[in-house]
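Visitor: I'd like a close look at one part of this protein, starting from a single residue and working outwards. Please take me through it in plain bench language.

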Amino acid sequence: MVLLENDAFLTELTRLFQKCRTSGSVVITLKKYDGRTKPAPRKGHAESFEPADNKCLIRASEGKKKISTVVSTKEVIKFQMAYSNLLRAHMDGLKKKDKKSKS
């Protein structure tokens with residue numbers, strides 16, 4: 001897994017979408033990220049929640065190629081706008097749902 005900066009992540013994601021245009025798929029996951037790289041022990045550990053340091057981990061994978069980025073609260077609006085534009089541009093190859101006739 002390669003951790004990239006936000007702009008580099010978006011350019012690599014564009015390349016993944018272009019690579020999978022004819023066949024294959026890109027899987028994107030999103031989750032809350034608290035900065036830990038190791039799991040916390042279950043017993044005796046109180047969950048600390050501080051809204052000032054909320055971050056978001058975004059991962060994208062296509063086959064063996066995996067990329068990820070961490071978005072902080074300050075950069076969320078800028079990243080979300082660029083990310084949504086990227087998704088709109090590359091989701092034109094989706095298949096239409098077949099409508100069943102009522103008879």
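Guide: Let's settle some words before picking a spot: a residue is buried when its relative accessible area is under 20%, exposed when that value is over 50%, and partly exposed in between. Keep in mind, too, that this is a predicted model. Our starting point is Ser-72, which sits in strand S4. Its relative accessible area is 22%, so Ser-72 lands in the partly exposed class. Setting aside anything within four places in sequence, Ser-72 is in contact with Asn-54 and Lys-55. Another residue to look at is Cys-56: it is 16 residues from Ser-72 in sequence, yet 6.5 Å from it in space, C-alpha to C-alpha.

Now zoom out to the sheet around S4. Four strands make it up, in the order S1-S4-S3-S2; the sheet is open and its pairing mixed. S1 (2–4) and S2 (27–33) are the edge strands, each with a single partner, so one side of each has no neighbour in the sheet. From one strand to the next, the twist averages 25°.

What holds strands like these side by side? Strands of a sheet pair through backbone hydrogen bonds, in either a parallel or an antiparallel way. S4 does both here. With S1 it runs parallel, joined by three bridges, and on that side Leu-3 stands opposite Ser-68 of S4. With S3 it runs antiparallel: eight bridges link S3 (residues 55–62) to S4 (residues 65–72). You can follow that pairing along the strands. Cys-56 has Val-71 as its bridge partner in S4, and Ser-61 stands opposite Lys-66. S3 and S4 form a hairpin with two residues between them, and Gly-63 in the turn has a positive phi of about 65°. Over on the other side of S3, seven bridges pair it with S2 in the antiparallel sense, with Lys-31 standing opposite Leu-57 in S3.

One more pair leads us to the helices: Ile-58 has Thr-69 as its bridge partner in S4. Helix H1 (residues 6–19) packs on the sheet, where it touches S1, S2, S3 and S4, and its direction makes about 145° with that of S4. Helix H2 (residues 76–90) lies across S2, S3 and S4, also at about 145° to S4.

For the view from H1, try Phe-9. Not counting residues up to four places away in sequence, Phe-9 touches Leu-4, Ile-58, Ala-60, Ile-67, Ser-68, Thr-69 and Phe-79. So both Ile-58 and Thr-69, the bridge partners we just met, are on that list. Phe-9 also belongs to the largest nonpolar core, which has 16 residues; Phe-9, Leu-13, Val-26, Ala-60 and Phe-79 are the members that touch the most others. H1, S3, S4 and H2 each give two or more residues to this core. H1 makes the largest contribution, with five residues.

Asn-6 is worth a stop as well. It is in helix H1, and because its relative accessibility is 12%, Asn-6 counts as buried. Its contacts beyond four places in sequence are Thr-69, Val-70, Val-71, Glu-75 and Phe-79. Asn-6 and Val-71 are 65 residues apart along the chain, with their C-alpha atoms separated by 7.0 Å.

Last, how do the two helices sit against each other? The axes of H1 and H2 come within 11 Å and cross at roughly 10°. H1 and H2 are therefore roughly parallel to each other. Where they meet, H1 brings Asn-6, Phe-9, Leu-10, Leu-13, Thr-14, Phe-17 and Gln-18, and H2 brings Phe-79, Ala-82, Tyr-83, Leu-86, Leu-87 and His-90. Sorted by class, that contact has nine nonpolar residues, four polar and no charged ones.

Notes: Residues numbered from 1 in each chain as written. Predicted model: local features only at pLDDT ≥ 70, side-chain atom pairs only at ≥ 80, totals over all residues. Heavy atoms only, no water. Pairing = 2+ DSSP bridges. Axes fitted to C-alpha atoms, helices over the stretch in contact; angles between N-to-C directions. Contact = heavy atoms within 4.5 Å. Core = buried A, V, L, I, M, F, W, Y, C linked by side-chain atoms within 4.5 Å. Buried < 20%, exposed > 50% of the residue type's maximum accessible area, 1.4 Å probe, protein only. Parallel < 35°, antiparallel > 145°, perpendicular 65-115°, else oblique. Nonpolar A, V, L, I, M, F, W, Y, C, P; charged D, E, K, R; others polar.
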